[in-house]
Amino acid sequence: MKNVRVRFAPSPTGPLHIGGVRTALFNYLFAKKHGGIFILRIEDTDQTRYVANAEKYIIDALNWCNIPFDEGPDKNEKFGPYRQSERKDLYKQYADKLILKGKAYYCFDTAEELNFHRKDHEEKGKIFIYNWHNRVKLTNSISLSKEEIEQRIANGDKYVVRFKMHDPTKGEHGIISTTDIIRGHVSFKTELLDDKILFKSDGMPTYHLANIVDDHLMEISHVIRGEEWLPSLPLHIALYEAFGWKIPEFAHLPLILKPIGKGKLSKRDGDKLGFPVFPLAYTNTETGDVSRGYKEDGYFADSFINMLALLGWNPGTEQEIFTLEELCNTFSLERVSKSGAKFSPDKTKWFNQQYMMLKSDTELAEIFTSILVEKGISSGMNYTKKVVSLIKERATFVSDFWKLSNFFFETPIEYDAKASKKNWKEGTTELMKELISILETIEEFTSTTLETSVKEWITSKEISFGKVMQPFRLSLVGAMKGPHLFDIAEMIGKEETILRINNAITKI
C-alpha cells in the first residue's frame with residue numbers, strides 16, 4: 001500500500017475522550033503498519049465551543065500515549081497550517097466553486113422563517129427538511145432572480161451556502177454507495193437527505209466543507225473515524241464528486257459502549273462507576289471542575305494503549321498483551337468489529353497488572369521512591385528494588401505499593417485487633433520469647449537459613465506451625481499480610497526483627 005496518509009482531526013472543545021484516543025490510535029497503527037504518515041489536524045471552525053487549553057491537552061495526551069503525530073500544528077507543516085481557524089480564508093473559494101458549478105446555492109432564509117416552516121410541518125405531523133422537495137419555495141438563489149441575489153449580497157444580508165444534495169432532473173432515485181473497509185457495502189438514497197450548510201453567515205465553513213477540502217489538500221488516503229460520522233458519508237462522497245477529486249477510502253469505527261447496558265461510554269458513566277474516561281486529568285478553567293485521568297490514576301501508558309487497541313479490534317489469536325511495535329505490525333482494519341465494544345473497568349485494571357509484572361524492578365522502584373520521599377522516608381535504591389520484587393505481583397498500581405509494603409520501612413505501632421485476638425493466645429508470649437532466643441543464635445540472617453532454623457525448632461517442640469508463624473507475622477507486619485515471612489525478616493534485619501517481636505510481646 002503506497003502513500004498512506006491518515007489524520008486524527010479532533011475539535012478543541014474540552015478533554016479528549018478515550019473514544020477519541022482510540023480513533024487516534026487506530027489511525028496511528030494503520031499508518032505505521034503501512035509506512036505512512038499520521039497527521040493531527042485541529043478542527044476549530046466552531047469558535048463558540050472553542051476551549052483555550054484543549055489543543056495542548058490533545059497533544060499532551062497523544063505524547064503520553066506514545067502515539068505522536070508526524071505532521072500537525074507547529075510540526076512538519078508540509079500542508080499547513082493544521083488549525084482550521086488559520087485556514088478559513090481558503091474555504092470560501094471552494095464554496096464559490098461549488099456555486100459556480102451549480103452544486104451549491106445561497107440561502108437567505110432567516111431563523112424566524114425556518115422556525116415557522118418547522119412548526120408548520122410539526123402541526124401537520126411532518127418533519128421539515130431543507131432539500132429538493134422545497135428548495136424552490138424557500139428564500140435562496142434557486143428561487144430568487146440573479147438581480148435579487150446580487151442585491152441581497154450587496155446589502156449585506158446574512159446568508160449560508162447549502163449543498164445541492166439531490167438533483168431531481170437526473171433521476172428521482174439517486175443512490176450514493178461505497179465500500180467501507182469495516183462495514184462493507186453501504187448505500188444511501190439522496191432524495192432522503194437534506195441540503196447541508198457548507199458555509200455559515202459568520203464567514204466560517206461548517207465541518208463538512210472544511211473537512212473535505214483539508215483532506216483533499218493534505219492528500220489523505222484513508223479516513224478512519226467513529227461511526228457517528230457514517231450518516232455524513234454520502235454528503236462527503238458527493239462533495240468529492242462535485243469537486244472532481246479522488247475519494248479516499250473510509251473506515252468507520254464502532255462505538256465504545258458503557259460497561260453495563262447499551263449506549264456510548266460517557267464521563268457520567270465513569271463518575272458513576274468510579275473510573276476515568278480521559279487519558280489525562282483535566283481542569284475546566286471556567287468551572288474549576290477536575291476530571292480524572294488514566295495517567296494520574298496510576299495506569300501505565302502502554303497498558304492503557306494495549307487495552308484500547310482491543311476495544312473493537314482483535315488479532316485473530318488468543319494473544320492479549322502487545323507492545324506498541326507488535327500492535328503496529330499486527331493491526332488491520334479488516335479485523336475491526338462492526339458492533340460496539342463494551343468497556344470493562346476490571347479488564348483495564350487487569351491490563352495494568354499484567355504490565356506491572358513486565359516492568360523492571362528498577363523502573364518501578366524509581367516511581368515508588370517518589371512516593372516514599374513524600375512520606376519522608378529515605379531508602380536506598382537496592383533495598384526499594386528488593387521490596388518491589390516481593391510485592392509487585394499483588395499490586396495493580398504503583399500507588400498500591402505503600403499499603404503492601406509499609407512494614408518494610410516503618411516499625412508497626414498498631415496491630416490488627418481481629419488478628420491479634422485470633423493468633424495471640426495463652427502461651428504465645430512464651431513461644432515468642434523462645435523464638436527470639438533462636439533468632440539471636442543465627443549468624444547468617446538470610447531467608448533460607450531463618451526458615452530452616454525456625455522450622456526445625458517448631459518441629460522439635462511438636463507444635464503446629466501456625467502457633468508460631470502467625471504471631472511471628474503479626475509482630476513483624478502488624479497484620480496478617482505481606483510476602484514470604486522469612487523474606488521480610490531478612491530484609492529488615494536481625495536487630496529490627498527482634499525489636500518488633502519484643503514490641504508485640506509488650507503491646508498485644
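This report walks through the overall build of a predicted protein model and then a few local spots in it.

Residues are numbered from 1 along each chain as its sequence is written, and side-chain values use heavy atoms, with hydrogens and water left out. Since we're dealing with a predicted model, local features need pLDDT of at least 70 and side-chain atom pairs count only at pLDDT 80 or more, while totals for chains, interfaces and linings use all residues.

**The whole chain**

Let's start with the big picture. The protein chain has 20 helices and 13 strands; helices (H or I, at least four residues) and strands (E, at least two) are DSSP runs, numbered from the N terminus. Its radius of gyration is 33 Å, well over the 23 Å that the globule rule gives for 508 residues, so the chain is more spread out than a compact globule. That radius is taken over C-alpha atoms, and the rule is 2.2 Å times the number of residues to the power 0.38. Along the principal axes, the C-alpha atoms fill a box of roughly 110 × 50 × 40 Å.

Of the 508 residues, 49% count as buried. Here buried means under 20% relative accessible area, exposed means over 50%, and partly exposed is in between (1.4 Å probe, protein chains only). The accessible surface of the chain comes to about 25,100 Å², and carbon and sulfur atoms own 49% of that; the areas come from the Shrake-Rupley method with a 1.4 Å probe, and for residues only the protein chains shown count as cover.

As for contacts (heavy atoms within 4.5 Å), take those with a separation of 6 or more: residues 24 or more positions apart account for 72% of them. On the charge side, there are 69 positive and 71 negative side chains, and the centres of the two sets lie 4 Å apart. Lys and Arg count as positive and Asp and Glu as negative, leaving out His and the chain ends; each charge is placed at NZ of Lys, CZ of Arg, CG of Asp or CD of Glu.

**A hairpin**

Strands β5 (residues 175-180) and β6 (residues 184-189) pair in the antiparallel sense over six bridges, where pairing takes at least two DSSP bridges between the strands. The two form a hairpin with three residues between them. If you want a landmark, Ile176 has Phe188 in β6 as its bridge partner.

**Loop residues worth a look**

Three loop residues, with their accessibility:

| Residue | Loop | Relative accessible area |
|---|---|---|
| Asn76 | between α2 and α3 | 52%, exposed |
| Glu219 | between α6 (207-217) and β8 (222-226) | 47%, partly exposed |
| Asn134 | between α4 (111-123) and α5 (146-154) | 11%, buried |

Asn76 has a positive phi of about 50° although it is not a glycine. Glu219 is another non-glycine with positive phi, near 60°. Asn134, leaving aside its neighbours within four places in sequence, is in contact with Phe128 and Ile129.

The loop between α2 (54-64) and α3 (88-100) also holds Pro81, and the peptide bond from Gly80 to Pro81 is cis, with omega near 0°.

**Helix α19**

Towards the end of the numbering sits α19 (residues 485-492), a mostly covered helix with seven of its eight residues buried. Among them are Leu485, Phe486, Ile488 and Met491, along with Asp487. Their cover includes α13 (381-391), α17 (447-461), α18 (466-477) and α20 (494-507). After α19 comes Gly493, with a positive phi near 90°.
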